[in-house]
Amino acid sequence: MFDVIIIGAGIVGVSIARELSRYDLKCLVIEKSNDVANGSTKANSGIVHAGYDAKEGTLKAKFNVLGSQMYEEVCKELDVPYKRNGSLVLAFDDEDMKQIETLYERGLKNGVKELAIIDKNTVLSLEPNLQENVVGALYAKTAAIVSPFELAIALAENANENGVEFMFNTKVNRIYKEKDCFIIETNNGTFESMYLVNAAGLFSDEINDMLGGEKFRIIPRRGEYCLFDKSAGNLVTRTIFQPPSNRGKGILVAPTVHGNLFVGPNAREIDIRDDVSTSREGIEEIIKGGNRSVKNLNLRDIITSFAGVRATPSTGDFVINIPTKNAVNAAGIESPGLTAAVAIAPYIVNLLENQGLRLNKKAAFINKRKNTKLFINMTEDEKRNALHENNLYGRIICRCEHITEGDIVNAIKRPLGARTVDGVKRRVRAGMGRCQGGFCMPRVVEILSRELNIPMTEILKSEEGSYILTGRTK
């Protein structure tokens, strides 16, 4: 019997798990995939939004601004890369400038600090590689960038270190109540809990239906991206937006915390909720959009393209409510959901407490992670000590990102450690360089096989069934 079960291990679910881990509770996170952040979170723009875009009075506006203020401290505690780089919403004509003024006024009402409308000369002095036909911009100095999957993994690791259990490859099939206890039937057994949190992302409307909550619908909206090599990483230093539309914040151009550059996303409603395929038309659309804002985009610098699916709610706002007694929905958390997640978490815990969950703070809560620094980021003294303790740090496996065998073994052995090639990739960036794993993937497979003590033919790239090897050829 658990005190609280959370359904979903995306950024929202693991933020709530970490918040609950501060208390003497028996908690479980159920995730249908085989790892943390395997849904919308892994293909996220990684923008910590300032908070001027969401309409005043909405949950989006409230939690965006609160989350933005909390982010730096959370990332510092968990040793996750974070950079406050600021953002610009560009205007190309008088109509765009009117929209900029609306966003500015909205931002002030939402409580966003350090907002300004700037003219063409100021814009181009800040970002000289923008197109010359820009006429002005909204400048938000508090906007930032983060690695979304690294943060989600860090939150999950920390929650796990503080006692939260995780069950992967576990799909919820049915939920019902016996007296005041939730019975959750899955493909991996039946679980019981006194309280329940629905953070199931793209499938949160289905979980809500099982709970008997007021109906809403999740509209899957796919966005495609192009990732550029680090050689293009300095083309812009701030996140560059275009005026938003009713389909989202539009195609942006932004640096990443690791020095790359990306362009995207577009927004297309799809029928299959987890369809993350890319298309020629979609890639052409985002390149055209990127070129509208920034000049000198060199397509030869693109190292990969990918897509993610946003859980857009039919309500037009986050669905954070009580669907039935002792349960809470944290559903439809689309953009700015990454920013909002860390602020939503304590609010959800408060909703559970208001329904009777007893919260007794742990005396020995661990708020930081240990042994997370990559070899490439260590000081010379730290490198010498690491090599003295483990000579695997002396073997470079990923040449592009300078990731050592010691880094990869650490990623496998950490709490909720990597079990797939992409799991290693998201934790230590092995395979994220220009060659996209062309050189290091075979060695990563070998290391996973050795450390997990399973045949190489059982190593997955990512999801169930994504086998890399089928057998020996000689």
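A residue is called buried when its relative accessible area is under 20%, exposed when that area is over 50%, and partly exposed in between. This report applies these terms to a predicted model and treats its salt bridges, one buried serine, some backbone features and a pocket.

## Salt bridges

The structure contains 34 salt bridges. One of them joins the side chains of Arg427 and Asp35, with a distance of 2.9 Å from N to O. Arg427 belongs to helix H11 (residues 421-428), whereas Asp35 lies in the loop between S2 and strand S3 (47-48), so this pair ties together parts that are 392 residues apart in sequence. Arg427 and Asp35 are both buried.

A second salt bridge is formed by the side chains of Arg434 and Asp301. This pair also links distant parts of the chain, 133 residues apart. Arg434 is placed in the loop between H11 and helix H12 (441-452), and Asp301 in the loop between helix H7 (280-293) and strand S18 (302-313). Are these two partners buried or exposed? Arg434 has a relative accessibility of 41% and therefore counts as partly exposed. Asp301 has a relative accessible area of 15%, so Asp301 is buried.

A third salt bridge is made by Glu451 and Lys413. Glu451 lies in helix H12 and Lys413 in helix H10 (residues 405-413); the pair therefore ties together parts that are 38 residues apart in sequence. Glu451 counts as partly exposed because its relative accessibility is 26%. Lys413, with a relative accessible area of 61%, is exposed.

The three pairs are set out below.

| Salt bridge | Closest N to O distance | Separation in sequence |
|---|---|---|
| Arg427 and Asp35 | 2.9 Å | 392 residues |
| Arg434 and Asp301 | 4.0 Å | 133 residues |
| Glu451 and Lys413 | 3.8 Å | 38 residues |

Glu451 and Lys413 also take part in a network of salt bridges, in which they are linked with Arg395, Glu405, Arg443, Glu446 and Arg450.

## A buried serine

Ser21 occupies the loop between helix H1 (11-20) and strand S2 (27-30). The relative accessible area of Ser21 is 2%, and because this value is under 20% the residue is classed as buried. Which backbone atom does the side chain of Ser21 reach? The side chain of Ser21 reaches the backbone oxygen of Arg18, at 2.6 Å. When neighbours within four places in sequence are left aside, Ser21 is in contact with Ala159, Asn162, Val164, Lys362 and Phe365.

## Backbone features

Most residues other than glycine have a negative phi, and most peptide bonds are trans. The following residues and bonds may be read against that background.

The peptide bond from Gly264 to Pro265 is cis, and its omega is near -10°. Pro265 is located in the loop between strand S16 (261-264) and strand S17 (268-269). The peptide bond from Ser335 to Pro336 is cis as well, with omega near 10°. Pro336 lies in the loop between strand S20 (327-331) and helix H8 (337-354).

Asp79, a residue other than glycine, has a positive phi, near 55°. Asp79 is located in the loop between helix H2 (59-78) and strand S4 (82-83). With a relative accessibility of 41%, Asp79 counts as partly exposed. Gln436 likewise has a positive phi, near 50°. Gln436 stands in the loop between H11 and H12, and a relative accessible area of 22% makes Gln436 partly exposed.

## The second largest pocket

The second largest pocket has a volume of about 840 Å³. It is lined by 35 residues, of which Lys42, Phe149, Phe306, Lys425 and Met432 are the closest to its centre. Which elements give two or more residues to this lining? They are strand S8 (144-146), helix H5 (148-161), strand S13 (218-228), S18 and H11. The greatest contribution to the lining of the second largest pocket comes from S18, with 4 residues. By residue type, the lining of this pocket consists of 14 nonpolar, 14 polar and 7 charged residues.

Two of the elements named for the lining, S18 and H11, have appeared above: H11 holds Arg427, and the loop that carries Asp301 leads from H7 to S18.

Technical notes: Residues are numbered from 1 along each chain as its sequence is written. This is a predicted model: local features need pLDDT of at least 70, side-chain atom pairs count only at pLDDT 80 or more; totals for chains, interfaces and linings use all residues. Side-chain values use heavy atoms; hydrogens and water are left out. Buried means under 20% relative accessible area, exposed over 50%, partly exposed in between (1.4 Å probe, protein chains only). A polar contact is a pair of N or O atoms within 3.5 Å; within protein, one must be able to donate a hydrogen and the other to accept it, and residues adjacent in sequence count only if both atoms are side-chain atoms. Contact means heavy atoms within 4.5 Å. On a 1 Å grid over the protein atoms alone, a cavity is a set of points where a 1.4 Å probe fits but cannot get out, and a pocket is an open set with protein on both sides within 12 Å along at least five of seven lines; lining residues have an atom within 4 Å of a point. Grid points are joined across faces, edges and corners, and a volume is the space filled by probe spheres set on the points. Ala, Val, Leu, Ile, Met, Phe, Trp, Tyr, Cys and Pro count as nonpolar, Asp, Glu, Lys and Arg as charged, and the others, Gly among them, as polar.
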